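Me: I'd like to learn how to read a few local features in a model. Could you walk me through some with me?

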Amino acid sequence: MESLTYKEYKEKYGGTLEEQEFYRFERQARRIINYYTYNRIKDLDKIPLEVRECMLDLIEYEVTISDNGGKDIQAETVDTHSITYATAKTDEDLTTFTRRKIVREHLLHTRLMYRGVDKWEQIHH
């Protein structure tokens, strides 16, 4: 089941990606969400709004990284505009941190990130 459809992305959220690009970034965002939710999204009959909004934010973040040549911005100065891109190690850490932060902001209180298998099964089955 798609967490966020292209039609919803374009019409409801005003997305600007072409359909092929959208699905490339949507797959990446879905993998990230599945990683942090222990693949629980696949088992849901209805995708919650929090998951769709998380997907949207992850897609936007992945597009930004892609636009920056695969690097995350470590620092940016506005006056006399200066950008410092993260180095390989810090870039990986910063990217992982930011992805997890996005997922946590949207899904932490939904119990989808709960690590306990038994309790999750009791709640949803």
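Me: Is Arg111 buried, partly exposed or exposed, and at what relative accessibility?

Reply: Happy to help, and keep in mind that this is a predicted model. Partly exposed covers the range between under 20%, which is buried, and over 50%, which is exposed. Arg111 has 33% relative accessibility, so it counts as partly exposed. You will find Arg111 in the loop between α4 (88-107) and α5 (117-124).

Me: What is the phi of Arg111 near?

Reply: Most residues other than glycine have a negative phi. Arg111 goes the other way, with a positive phi near 75°. Asn39 is another non-glycine residue with a positive phi, about 60°. Asn39 sits in the loop between α2 (19-36) and α3 (49-67), and its 36% relative accessibility makes it partly exposed.

Me: How exposed is Lys42, and where does it lie?

Reply: Lys42 belongs to the loop between α2 and α3. Its relative accessible area is 58%, so Lys42 is exposed. In sequence Lys42 and Arg30 are twelve residues apart, while their C-alpha atoms are 9.8 Å apart in space.

Me: What span should α3 have, at 1.5 Å a residue?

Reply: The 19 residues of α3 should span 27 Å, and the end C-alpha atoms are 27 Å apart, so the two agree.

Me: Which residues of α3 are buried?

Reply: An α-helix has 3.6 residues a turn, so residues three or four places apart point the same way. In α3 the buried residues include Val51, Cys54, Met55, Leu58, Ile59, Glu62 and Ile65.

Conventions: Residues numbered from 1 in each chain as written. Predicted model: local features only at pLDDT ≥ 70, side-chain atom pairs only at ≥ 80, totals over all residues. Heavy atoms only, no water. Helix = DSSP H or I, 4+ residues; strand = E, 2+ residues; numbered from the N terminus. Buried < 20%, exposed > 50% of the residue type's maximum accessible area, 1.4 Å probe, protein only. Expected span 1.5 Å × (residues − 1).
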